[in-house]
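Thanks for asking me to look this one over. Here is a short note to help you find your way around.

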There are 2 protein chains.
Amino acid sequence: MNSIQNNWFTEKSALWEGQSFSMEVKEVLFHEKSDFQDVLVMDTKTYGRVLVLDGCIQCTEKDEFSYQEMMTFVPLTCHPNPKSVLIIGGGDGGVAREVVKYPTVEKVVQCEIDAKVVEVSKKFLPFIASGFESPKLTLNIGDGLDFVSKHKNEFDVIITDSSDPIGPAESLFGEKYYKMCQEALKPGGIICSQGENMWYHSKIIRTMLDFCKTMFPKVSYGYTCIPTYPGGQIGFLLCSKNPDTKFEEPLKELSEEDVENMNLRYYNASIHRAAFILPQFAKKELLN
Amino acid sequence: MNSIQNNWFTEKSALWEGQSFSMEVKEVLFHEKSDFQDVLVMDTKTYGRVLVLDGCIQCTEKDEFSYQEMMTFVPLTCHPNPKSVLIIGGGDGGVAREVVKYPTVEKVVQCEIDAKVVEVSKKFLPFIASGFESPKLTLNIGDGLDFVSKHKNEFDVIITDSSDPIGPAESLFGEKYYKMCQEALKPGGIICSQGENMWYHSKIIRTMLDFCKTMFPKVSYGYTCIPTYPGGQIGFLLCSKNPDTKFEEPLKELSEEDVENMNLRYYNASIHRAAFILPQFAKKELLN
C-alpha cells in the first residue's frame, strides 16, 4: 500500500473512479495486513485519528459521530420498544457506543469478521471503541452472513455497519443477507444498513431497494452528511417488518434534554425527519 | 500553479488545511491568469467540465445544479413577488440561468468582477452560461461592493454567488457589504449569500450571522449537499427586511409540475424546508 506519500494519505477506490480525497498525516500509529484486509490507523492534522481499511476511510475522530448516531437512532426511535439489537460489522465500536445509550436496549450482540479491527480500535481509537466496554454487549468474531443465518426471530433491530461492497463486506449487500436478516428479526423488527451514496451509486441503491421491497412491507432510504466519506454524505437503507412503520417520523421523539443527556452531536428528531427528504434527482432515480 | 500533476488536479486551500480533493483530468481546456485570479477550465473523467478559480473548484458539470438551484429558489420562493434580482459574482452564469426561469422575475442585473470568467464560461461551459443569453439579464463588469453601494431601494432579491473569502471576493463577506445590500434592497427584500461550511467555518458563519442580525429582522442559515465542494456541502446565509419571512417555509410552494417544467434537479419544496434543519452540533454553534 503506497497510499501515504510525503505525509499525505490518499484514498482511491474503484467505487469512486476519477476522484480521491487526501489528508495530511501527523503520524502512522498502526499499519498491518490482517487475515481479511489492510488495516491502517493514523493521526491526521485536521481530522484527528483515522481508521482506514483496504485504503478506504472508515471513521475519523472529527466527524464519525454523524454516521454512528444516524445509523443507530434512526432505526431505534422508529421501533416501539427495541430490546435486543444485532450489529453486523462495526468493528470500530462506534455504533455499539451509541446503541448501548438507548434506554430500552437490554442486549446488544455484535458480529465483526476481523478481530484485528476490534483490537486496533480499542488500542488507538478509545473514543470510538468505548462501546465494547458495555456489559450489555456480547462480541462475536466471525462472518456476518453466517452469523445471521443461525439466528431466527431474535432481534428487534439489526444494524449493518459494513465497509463497501468490494472486499470482506461484499456479501452484506446481497439479497441473501437481507433474507437472513428478515428471519433473524422478531415481528415488527427493523434493519438499518450502510447504503452508499446517491450521487455515485444510485443503481446499486435502487437494486437493493427493489429486492428489499419484495421482503419487507416498509423500505426507505435516508442519508447523512459526513465530510470524510466520498462526496460528503452516506446513505442508509431501512426495512421494517411492520407495515405501520414510518421511517421519516420517529415513534419515540428524543427531547432536547434526551439529546443532551445522551451526548448526541448530530442526531436530533428534526434531522431524523430531514434525512429522508431527497433532492429531486435522487427522488426520481431511487423512489419512482 | 502546479495543481495538475500526472493528469490529476488537486485542490488545496488555506481554508481547508490538512485536506485536499483530486480529480482525474481528461483535458485542460483553458488556463490563464486574468487581472484578478488564476482561471482554469478542464474536462474530467467523472465530473465533466470543471471551472477552477485560484485553485478552488467553483462548479462541475455533474453537481453544479445543487448549488445554483438552492441559492436561487430558496430566496425567490420566500419573497411574495420577486420582480428585480441582483446577482453579485456568479460569473459562470449558473445562478442567472436559474433566476430567469422564475415566472415573476422581470429584471436581472448581474455584477461580476472578472470578465474573463464570463468569457471562458460562455466558451467552455455553455450548459452553465446559458443564463447570459436571457433578455431579462443586464451584465455589468465591476466590483460588487462598489456596484451595490450605488443602488438604493432597487432590488427584491440579492444573490451573492461568490468564491471564498480569500481573493477577489473577500469584501463580499464583510459587514459593510451587507449594510450596502440592505440599502439596495426594496422594503421586504431578501439577500442570499454563499455561506461556507458548518464543519470547518462555524466561527466565520457565526460572525456573519451575528452582524446580519443587527441589520435585518430575519436571518437564517441553510445548506445544500454538493460532492465537489470541501466536505460535500455548502451553506447559504439568508437575510430578510420583512420580519414575517419564514425562510424554512416557502411562501410560494413549487408543485411537482413546476419543478418538472423548470427542469430542476435538486430543488423541491421539501428539500427547501430540510435545508434549514441543522445537526445538533451546528445548531449549538450557529444558532444558540
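The points below cover how the two chains meet.

1. Before you start: this is a predicted model, in which local features need pLDDT of at least 70 and side-chain atom pairs count only at pLDDT 80 or more, while totals for chains, interfaces and linings use all residues. Residues are numbered from 1 along each chain as its sequence is written, chains are lettered from A and ligands numbered from 1 in the order in which they are written, and side-chain values use heavy atoms, with hydrogens and water left out.

2. Chain A and chain B each bring 43 residues to the contact (heavy atoms within 4.5 Å). Between them, about 3,500 Å² is buried, with 55% coming from carbon and sulfur atoms; buried area is the accessible area (1.4 Å probe) that two parts lose on being put together, summed over both. Of the area that chain A buries against chain B, 19% comes from Gly18(A), Trp199(A) and Gln280(A), more than any other three residues supply.

3. Six salt bridges link chain A and chain B (a side-chain nitrogen of Lys or Arg within 4 Å of a carboxyl oxygen of Asp or Glu). One of them joins Lys45(A) to Glu17(B), with the closest N and O atoms 3.3 Å apart.

4. Do look at the strands (DSSP runs of E, at least two residues, numbered from the N terminus). β3(A) gives six residues to the side of chain A that touches chain B, the most of any element. β3(A) also pairs with β3(B) in the antiparallel sense over five bridges, where pairing requires at least two DSSP bridges between the strands. Ser20(A) stands opposite Ser22(B).

Notes: Helix = DSSP H or I, 4+ residues; strand = E, 2+ residues; numbered from the N terminus.
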